[in-house]
Amino acid sequence: MSAVTSPSGAVVADTVAGLLAEIAGVGRDPVRGGYSRPVHSAPETELREWFVSHARRRGLEVETDRNGILWAWAPAPGGSRDRAVVTGSHLDSVPGGGAFDGPLGVASALVAFDQLAARDVGGDRARAIAVFPEEEGSRFGVACLGSRLLTGALAPERALALKDAEGRTFAEVARAGGLEPERFGPDPTLLGSLDTFLELHVEQGRSLVDLGRPVAVASSILGHGRWRLSLTGEGNHAGTTLMADRRDPMVAAARLVVRIRDLARTVPGARATVGRLTPVPGGTNVIASHVDLWLDLRHPEDGVTAALVEEIRVMAGVLAADEGCAVTMSEESFSATVDFDPAMREELLTVLPGAPVLGTGAGHDAGVLKDHVRTGMLFVRNPTGVSHSPAEMVEDADAEAGAAALTESLELLLRN
Ligand code: GLV
Ligand code: MN
Ligand code: MN
């Protein structure tokens, strides 16, 4: 452990870099590089235990709520959790992700709580650190699963039926992880006790590098969604099936990937990605019988996103038919464009003077909570500008600057 302790044994100060160094070996992916920490996997469970031990050392009251969100509470004197100011982020990762997407916000939250305690401020108001499960949706397909369940943005029946790549349901995996899936669902009482949520996150682009600043305040999140396209053809032998006789969904999928890219290029502000494609059965000498392809589509205007989805649906039908295949397309999740509360943004800028105000193309639990709780975000400079990749980076000094900015912000929010 990296903490500096006082003579009484109380934690005086961890550093963000020191905390992240403690988990640097957890969930490394020897094949993809970087980290693979899917929800309820051994590495993600280890990270949650790591967080719990740090929270308990600080005397915080740790609980996992009915939706699997971890909370570490410092109630107000008398034990009230009302009007709580909350910070936090997530500990799961994309496959082969970086070290900072999620953990930076969690480690910074611990350090900010240390700094508030050291200054002896904010103690008359409830505060908490939250760790949200399956923020990336990398195991069950729907991002921000914990916050969507908490807020009612996702029906528990739908969440429970989601399957991972091995065909295990979320219900099954969550139960094995110690949760009670029958209790999943909106929690208006918990939600009602939250006054403010402020999430600190690594910047996932290069704006802060270009501006020469370590920390920004968030203005917006680009609307985004995920769609699954399932193409069905005829599985057959690679050597004995004449080219004219094939119904190959892989060919239709390949043509579709290119056409989606071409379409998105014609629409200013659009971002379309096919980052995952699964042929069944997936043999070198086998014509696939089936291909699943996942589309990630983002645009600032939700109406444009909807129109693009319809265009892609038609395009997929035509390309599939050209190859003698069939296709279905279904929405897995959608999050409308989010504009964070301008008043809160202005408030944060009073303690972070000169901090740039930036929008982001990445999704966050803060975007889901925003309709229910006063919500904002801070971004910390990423010198590579790369994210969802092992190349994601934060310099130690910037990580500490981020934690200091979070402390200042929480102190202000706790006062108001
Ligand atoms: C999560 O980081 C996303 O934007 O998909
Ligand atoms: Mn994230
Ligand atoms: Mn991410």
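Two strands count as paired if DSSP finds at least two bridges between them. All views show a predicted model.

**Figure 1. An open sheet of four strands, β11-β13-β9-β14.** The strands of this sheet are paired in the antiparallel sense. Strands β11 (271–280) and β14 (326–335) occupy the edges; each has a single partner strand, so one side of each has no neighbour in the sheet. Direction ignored, neighbouring strands are turned against each other by 15° on average. In general, the strands of a sheet pair through backbone hydrogen bonds, in either a parallel or an antiparallel arrangement.

**Figure 2. The pairing of β11 with β13, and the helix packed on the sheet.** Nine bridges connect β11 to strand β13 (residues 290–298), and the two pair in the antiparallel sense. Among the residues of this pairing, R271 has R298 of β13 as its bridge partner. Helix α10 (residues 302–322) packs on the sheet and touches β9 (224–232), β13 and β14. The direction of α10 makes about 165° with that of β14.

**Figure 3. The surroundings of ligand 1.** Ligand 1 is surrounded by E136, R226, R298, A362, G363 and H388. By class, this shell comprises three charged residues, two polar residues and one nonpolar residue. A polar side-chain atom of R298, the residue that is also the bridge partner of R271, lies 2.8 Å from an oxygen atom of ligand 1. The side chain of E136 places an N or O atom 3.2 Å from an oxygen atom of the ligand. From G363 the contributing atom belongs to the backbone: a polar atom there is 2.7 Å from an oxygen atom of ligand 1. Taken alone, the ligand exposes 200 Å², of which the protein buries 93%.

**Figure 4. The hairpin of β3 and β4.** Strand β3 (residues 61–64) and strand β4 (residues 70–74) run antiparallel and are joined by four bridges. V62 has A72 of β4 as its bridge partner. Five residues lie between the two strands, and G68, in the turn, has a positive phi of about 85°.

**Figure 5. Backbone geometry at R83 and at the V280 to P281 peptide bond.** Most residues other than glycine have a negative phi, and most peptide bonds are trans. R83, which is not a glycine, has a positive phi near 55°. This residue is found in the loop between β4 and β5 (84–90). The peptide bond from V280 to P281 is cis, and its omega is near 10°. P281 belongs to the loop between β11 and β12 (286–287).

Note on methods:
Residues are numbered from 1 along each chain as its sequence is written. Chains are lettered from A and ligands numbered from 1 in the order in which they are written. This is a predicted model: local features need pLDDT of at least 70, side-chain atom pairs count only at pLDDT 80 or more; totals for chains, interfaces and linings use all residues. Side-chain values use heavy atoms; hydrogens and water are left out. A residue is near a molecule or strand if one of its heavy atoms lies within 4 Å of it. A polar contact is a pair of N or O atoms within 3.5 Å; within protein, one must be able to donate a hydrogen and the other to accept it, and residues adjacent in sequence count only if both atoms are side-chain atoms. Accessible areas come from the Shrake-Rupley method with a 1.4 Å probe; for residues, only the protein chains shown count as cover. Ala, Val, Leu, Ile, Met, Phe, Trp, Tyr, Cys and Pro count as nonpolar, Asp, Glu, Lys and Arg as charged, and the others, Gly among them, as polar. Axes are lines fitted to C-alpha atoms, for helices over the stretch in contact, and angles run from 0 to 180 degrees between N-to-C directions. Contact means heavy atoms within 4.5 Å.
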